[in-house]
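This report introduces a structure to a reader who has not met it before. Please keep the sequence and the 3D view at hand while reading.

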Amino acid sequence: MRKTEGQGEAETDGFAEETARACEGGAGDGSEGLDARLVVVRGSFRLDVTLTARPGEVVALLGPNGAGKTTALRALAGLAPLSPGAGGRLRLDGVPLERMPPESRPVGVVFQDYLLFPHLTALDNVAFGPRCRGASRSEARAEAAEWLARLGLAEHAGARPRRLSGGQAQRVALARALATRPRLLLLDEPLAALDARTRLEVRAELRRRLAEFEAVAVLVTHDPLDAMVLADRLVVVEDGRVVQEGPPADIARRPRTDYIARLVGLNLYRGEAEGHTVRLLGGGPSITTTEELSGPAFVAFPPGAVTLHSERPVGASARNLWRCEVTGLETHADQVRADLTGELRVLADLTTLSAAQLDLRPGVTVWATVKATQTHAYPG
Amino acid sequence: MSPSSPVPAGVEGGPAGSARGRRARPAGGGRERPTGGGRRAGAPLPLLLPALVGILFLLLPLLALLIRAPWRDLPDQLTSAQVWQALRLSLLSATAATALSLALGVPLAWLLARTDFPGRGLLRALVTLPLVLPPVVGGVALLLALGRNGVVGQWLDAWFGITLPFTTTGVVLAETFVAMPFLVISVEGTLRAADPRYEEAAATLGASRFTAFRRVTLPLIAPGVLAGAVLAWARALGEFGATITFAGNFPGRTQTMPLAVYLALQNDPAAAIALSLVLLAVSVAVLAALRDRWLTAS
């Protein structure tokens, strides 16, 4: 616990930090930030996720329910042990944490439903951490009041958690986690407990807070928008493994699994590229692209790039022409999303008017075209 | 007992809640069972008769106590030195037994609810055995363990000169032996219902398990602990078998109210009734204190 405090102080002062690190000598390997390989085996489920982050970086673990995101978070916090002998490691600023109990780790957690202590006021909730780390009651309270003021909650200091709104409770939870001056901040589905309207507001504010935070922040979410807005880097986890990672824009442009493609709203195909043509796997049709590639490749295009025709277009210049059957229709605002199967399984967006003119109904046969310039091909 | 505590389900609302439930029931009756409509009016005779006899059987003795109470002499009876002595000893020893039960029983309940070790189920069964054990047997067992020649008692006597049987301390021990399991069961149930993730949240804030227990869990389960304590206290107050076996029946030292009642019945029935009324009043008070917890359980 003492080490934690030392780090907490050092963090406020770059020079002190340097000195502290120099004095520590061989204790750490000098590398800043998070360096982890989280291996947790539970029955037939195996989580094996490598996670690194520099101080100041916000990393989002994105994945479907049951992918192991929360297990990874609990492993980082020390609430779930790494499976012994499975090759896992966990270092924070060069200090190994594998064997450290959760109360000694310089890690703060914002839980999904916040878990604010219902019998304590907002102020005492925030003061809890400093108090546990050795501050006197008045010191802890003063520090807590400062944090609450910083997060715009000064007038709610005396309120019990059940009197707080969702957004306020979230900020108190954030203040409570930050008040321990963690070197690693973990957020479990930080916006999931909020209603849609509050969510927008809190998301923008949380983004500001996280951008200010000088140590590593890792957040877990199944919501791609939350992940893309809040994080500098996404780590997509499916079935206990990392399937893709990179900056949000990159992931949104070049998804590599069906799950991510669905999340970012793209049609995604896997195939073998040869020049401007990608021959899809499993004997599917080919897609003509503008990029020139060879070898395994992905092709992605948005549903809005698909044009539908009731008759086969005559003299069609579009090389990407497929005969499909409508299997489902869904409306999004003024758009209709058509789910098509046939030569190619594809999602198409069109206006309500076009949908009416085409007389789209499940079972109807249509011709779908996509311009090569609207597709995006990249190595697989 | 704060009715706003999140922990025990069904605590909130109290009598008002149950009244609301009763009123609401006929409205939803149609959805329940085909016989729902005739449910309230037409209880079949084979059920109604025994039920009425049962009510009578439970209430008649209490009624008799009230009818035969020497109301005129009551003030004198209750202010007699013997009654006061017994009452004082009873309240004192029951309170001490409750304190001891809290000190040992709450940690024990935590151990049973929050940790996992081989034989936990067996331990739980053994610990709660006094719930079903005839108290006299408990008294005999205590004598064999802590009596002057008991398994442990002989060493207490030889090394420290401590004698437990037939002392006020013995009364407290006998009552604790019988009452503590009630507290353990009550607190363990509350602990199991409480969300253990609050303890995890405390841990991530730097709290050791003990600090988390003291500053987070204990306040959260306070209503359950209080209910368990009241239950244990009531049980200790009425304890007879283990007390008379282990601690004897010495006025002023080990003669508690129930013992005094039993003794008085032999030579001064009026005093016995007066003492009984006091215990009845205490019981009713306890029931009133716990009404939120139990009367809404149906």
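## Terms and model

Helices here are DSSP runs of H or I with at least four residues, strands are DSSP runs of E with at least two, and both are numbered from the N terminus. Written out along the sequence with that definition, chain B reads α-α-α-α-α-α-α-α-α-α-α-α-α-α. The model described below is predicted.

## Chain A as a whole

Chain A contains 11 helices and 18 strands. Its C-alpha trace extends over about 80 × 45 × 40 Å along the principal axes. The chain has 380 residues, and 52% of them count as buried. Its accessible surface is about 17400 Å², and carbon and sulfur atoms account for 49% of that area.

Taking contacts in chain A between residues at least 6 apart in sequence, 65% link residues at least 24 apart. The side chains of chain A include 46 that are positive and 48 that are negative, and the centres of these two sets are 3 Å apart.

## A covered strand in chain A

How many of the residues in strand β7 (residues 184–188) of chain A are buried? Five of its five residues are, and the strand is described as mostly covered. The cover lies on both faces of β7(A): A:L184, A:L186 and A:D188 are buried on one side, and A:L185 and A:L187 are buried on the other.

Strand β7(A) pairs with strand β6 (residues 107–110) of chain A in the parallel sense, over four bridges. In this pairing A:V109 is found opposite A:L186 of β7(A). Strand β7(A) is also joined to strand β8 (residues 216–221) of chain A, by five bridges and again with parallel strands. Here A:D188 faces A:V220 of β8(A). A:L186 and A:D188, which appear in these pairings, are both listed on one side of β7(A) among its buried residues.

## An open sheet in chain A

Strands of a sheet pair through backbone hydrogen bonds, either parallel or antiparallel. One sheet of chain A is open and has three strands, in the order β11-β12-β18, with antiparallel pairing. Strands β11 (267–280) and β18 (376–379) of chain A are at the edges and have a single partner strand each, so one side of each lacks a neighbour in the sheet. On average, neighbouring strands of this sheet are turned by 40° against each other, direction ignored.

Within this sheet, β11(A) and strand β12 (residues 286–301) of chain A run antiparallel and are joined by 12 bridges. A:G271 is opposite A:A297 of β12(A).

## Two hairpins in chain A

Strand β15 (residues 335–342) of chain A pairs with strand β14 (residues 320–332) of chain A in the antiparallel sense, over eight bridges. A:E330 has A:R337 in β15(A) as its bridge partner. The two strands, β14(A) and β15(A), make a hairpin with two residues between them. What is the sign of phi at A:A333 in the turn, positive or negative? A:A333 has a positive phi of about 50°.

On its other listed pairing, β15(A) runs antiparallel to strand β16 (residues 346–351) of chain A, with six bridges joining them. A:Q335 has A:T351 in β16(A) as its bridge partner. Strands β15(A) and β16(A) also form a hairpin, with three residues between them.

## Chain B as a whole

Chain B has 14 helices and zero strands. The chain is made up of 298 residues, and buried residues make up 41% of them. About 16300 Å² of chain B is exposed, with carbon and sulfur atoms supplying 69% of this area. Of the contacts in chain B with a separation of 6 or more, 74% are between residues 24 or more positions apart.

## A buried glycine in chain B

Helix α10 (residues 209–237) of chain B includes B:G228. Is B:G228 buried or exposed? Its relative accessibility is 0%, and the cut-off for a buried residue is under 20%, so B:G228 counts as buried.

Apart from neighbours within four places in sequence, B:G228 is in contact with B:L183 and B:S186. B:L48 is 180 residues from B:G228 along the chain, and the C-alpha atoms of the two are separated by 34 Å.

Note on methods:
Residues numbered from 1 in each chain as written. Chains lettered and ligands numbered in written order. Predicted model: local features only at pLDDT ≥ 70, side-chain atom pairs only at ≥ 80, totals over all residues. Heavy atoms only, no water. Pairing = 2+ DSSP bridges. Axes fitted to C-alpha atoms, helices over the stretch in contact; angles between N-to-C directions. Buried < 20%, exposed > 50% of the residue type's maximum accessible area, 1.4 Å probe, protein only. Contact = heavy atoms within 4.5 Å. Areas by Shrake-Rupley, 256 points an atom, 1.4 Å probe, with all protein chains shown as cover. Lys, Arg positive; Asp, Glu negative; His and termini not counted. Charge placed at Lys NZ, Arg CZ, Asp CG, Glu CD.
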